[in-house]
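Hi,

Here is the structure I said I would pass on. Have a look at it, then read my notes underneath.

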Amino acid sequence: MLRRLAGIVMLGLGLWLAWGALEAILAFTSRGGGLASALFEPPTGIIRVISTTLMSIGGLLVVFKVKSGGTLAAIGSVFFAILGGSMAASGADSGLWLDEVIFGLAAMALSVLILTLRRA
């Protein structure tokens, strides 16, 4: 039961972070930028989209008790944490990367919980 609850929280977190990524991409493209530029220049956009998608799908699979769901959610969580860490290492302002680090660590904690609890 606790594992499924953690999966629901992971699903919600992944969807919420994915919405934030989509909003940023839409804002960039609405100002005249191209989609490729929004995703790959710098590559934070594509990393954010991939990691949140993996977190969301993984959380959904955990809810439905699919074996690989926890692993998928964990991979997405690690990618999201790496995103924040790489932004910090590049010298970006802390206002740009602090949320990514905090949410990435929270997602990794959820992943540990999901991966360590037995499937019931």
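Arg48 is buried, with 15% relative accessible area. Keep in mind that this is a predicted model, and then look at what the Arg48 side chain meets: Glu100, in a salt bridge with 2.5 Å from N to O. Is Glu100 buried or exposed? Glu100 is buried too, at a relative accessible area of 10%; the cut-off for buried is under 20%. As for where the two sit, Arg48 is in helix 3 and Glu100 is in helix 5, so this pair ties together parts that lie 52 residues apart in sequence. If you go hunting for others, the count of salt bridges comes to one.

Helix 5 turns up again with the aromatics. How many aromatic pairs does the structure hold? Just one. It is formed by Trp16 and Phe103, and the arrangement is edge-to-face, with 5.0 Å centre to centre and 80 degrees between the planes. The planes have to be over 60 degrees apart to count as edge-to-face, which is why 80 degrees qualifies. Trp16 belongs to helix 1 and Phe103 to helix 5 (residues 94-116), so here the parts tied together are 87 residues apart in sequence. Both rings have some exposure: Trp16 counts as partly exposed at 49% relative accessibility, and Phe103 is partly exposed with a relative accessible area of 23%.

Now for helix 1 and helix 3, which have each come up once already. Helix 1 covers residues 2-30 and helix 3 covers residues 44-63; their axes come within 7 Å and cross at roughly 155 degrees. That makes helix 1 roughly antiparallel to helix 3, because angles over 145 degrees count that way. The crossing of these two helices is left-handed. What kinds of residues make up the contact of helix 1 with helix 3? There are 14 nonpolar, five polar and three charged ones.

One last spot, also in helix 1: Gly14. This glycine is buried, with a relative accessible area of 0%. Try measuring from Gly14 to Ala73 on your screen: the two are 59 residues apart in sequence, and their C-alpha atoms are 8.9 Å apart in space.

If you only have a minute, I'd start with the Arg48 and Glu100 salt bridge, then move to the edge-to-face pair of Trp16 and Phe103, and finish with the left-handed crossing of helix 1 and helix 3.

Cheers

Notes:
Residues numbered from 1 in each chain as written. Predicted model: local features only at pLDDT ≥ 70, side-chain atom pairs only at ≥ 80, totals over all residues. Heavy atoms only, no water. Axes fitted to C-alpha atoms, helices over the stretch in contact; angles between N-to-C directions. Helix = DSSP H or I, 4+ residues; strand = E, 2+ residues; numbered from the N terminus. Parallel < 35°, antiparallel > 145°, perpendicular 65-115°, else oblique. Left-handed = near helix turned anticlockwise from the far one by under 90°. Nonpolar A, V, L, I, M, F, W, Y, C, P; charged D, E, K, R; others polar. Phe/Tyr/Trp six-rings, centres within 6.5 Å; stacked < 30°, edge-to-face > 60°. Buried < 20%, exposed > 50% of the residue type's maximum accessible area, 1.4 Å probe, protein only. Salt bridge = Lys/Arg side-chain N within 4 Å of Asp/Glu carboxyl O.
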